[in-house]
Amino acid sequence: LKILDVGGRTGRFSEVLINMGHDVLLVELSNEMLNKAKIRLRKHSNIKFLKSSITNMNEIKSDSFDIVLAINAILDYCDDYNLAMKEVYRVLKKDGTFMGTVNNRFIYSSKHELVDEDYNLFEKSMKFGDRYIIWGEQKEGHISHEFTQEELKKSLKKNKFEIIKLLGIFNLRDKYELDKLNNPEDFIKLQIKYADKEEYLNNSQDFLFVAKK
């Protein structure tokens with residue numbers, strides 16, 4: 001398959017895919033991340049790299065890819081998620097698959113504004129979905145847009161995608177706790193069992209969607 005890993009960062013997901021024999025184009029806006037991916041995957045011939053943003057992939061021809069991945073909240077951080085979805089739709093082949101993850105607005109607001117007891121900001125975040133965030137020791141941050149389940153569904157449909165699956169991939173434990181588990185394989189099996197249960201979707205830190213052009 002021809003796969004576009006957009007916002008592919010250091011190549012974590014691309015590495016799995018190229019080892020399976022797929023042809024991958026890793027798109028990343030950060031020079032630092034892109035260089036790390038090139039070093040990490042330098043021995044592989046079935047991967048290419050492009051410095052670009054999901055909202056502007058003009059160098060990529062339309063109807064080019066079987067699958068587009070936007071994992072780790074790429075749609076949250078890209079400034080204009082509707083424009084991003086339009087670009088993904090353009091570069092996908094007919095019947096191609098779009099897979100990605102977005103942050104769950106309620107969970108993220110609960111873990112930040114409510115923990116800080118900033119109830120006014122919590123109400124604002126829940127209403128609009130936008131939050132100013134600063135990573136680690138960086139001096140400047142950016143706006144992140146967190147999604148509700150319904151907003152995600154409406155956005156995908158608005159941009160002509162057919163939703164195949166919507167999963168709550170971290171609805172049992174916080175995703176940052178997985179490294180602390182004594183039996184991660186057993187937990188992952190349990191999480192897969194509960195990931196597609198509608199009644200637990202909104203408990204998930206992230207939503208994972210699978211959609212079709």
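1. Start with β2, helix α2 (residues 31-40) and β3: together they make a right-handed β-α-β unit. Keep in mind while looking at it that this is a predicted model. The two strands of the unit, β2 and β3 (residues 47-51), run parallel to each other and are joined by five bridges. If you want a spot to zoom in on, leucine 25 stands opposite lysine 48 in β3.

2. Now step back along the chain. β1, α1 and β2 also make a right-handed β-α-β unit, with β1 covering residues 2-6. β1 pairs with β2 in the parallel sense, over five bridges. Here lysine 2 is the residue to find, as it stands opposite aspartate 23 in β2.

3. So how well covered is β2? Five of its six residues are buried, which leaves the strand mostly covered. Just before the strand, the picture is another one: glycine 21 sits in the loop between α1 (12-19) and β2 (23-28). Glycine 21 counts as exposed because its relative accessibility is 53%, and the cut-off for exposed is over 50%. Its C-alpha atom lies 8.2 Å from that of leucine 1, with the two positions 20 residues apart along the chain.

4. On to the aromatics. How many aromatic pairs does a search of the whole structure find? There are five. One of them joins tyrosine 81 and phenylalanine 147: the ring centres are 4.8 Å apart and the planes meet at 65°, so this pair is edge-to-face. It links distant parts of the chain, 66 residues apart, with tyrosine 81 in helix α4 (residues 81-91) and phenylalanine 147 in the loop between β7 (142-145) and α7 (149-158).

5. Are those two partners buried or exposed? Tyrosine 81 counts as buried at 16% relative accessibility, and phenylalanine 147 is buried too, at 0%.

6. Then have a look at tyrosine 194 and tyrosine 200. Their ring centres are 5.7 Å apart with planes at 55°, so the pair is tilted. Tyrosine 194 is partly exposed, at 24% relative accessibility, and tyrosine 200 is partly exposed as well, at 33%. Tyrosine 194 has a charged neighbour: lysine 197 lies over the face of its ring, 5.6 Å from the centre.

7. Last stop: Tyr89, Phe98, Phe161 and Phe209 form one aromatic cluster. What sits over the ring of tyrosine 89? That would be the charged end of lysine 213, at 4.7 Å from the ring centre.

Definitions and conventions
Residues numbered from 1 in each chain as written. Predicted model: local features only at pLDDT ≥ 70, side-chain atom pairs only at ≥ 80, totals over all residues. Heavy atoms only, no water. Helix = DSSP H or I, 4+ residues; strand = E, 2+ residues; numbered from the N terminus. Buried < 20%, exposed > 50% of the residue type's maximum accessible area, 1.4 Å probe, protein only. Pairing = 2+ DSSP bridges. Right-handed = clockwise from strand over helix to strand, strands pointing away. Phe/Tyr/Trp six-rings, centres within 6.5 Å; stacked < 30°, edge-to-face > 60°. Lys NZ or Arg CZ within 6 Å of the ring centre and 35° of its normal.
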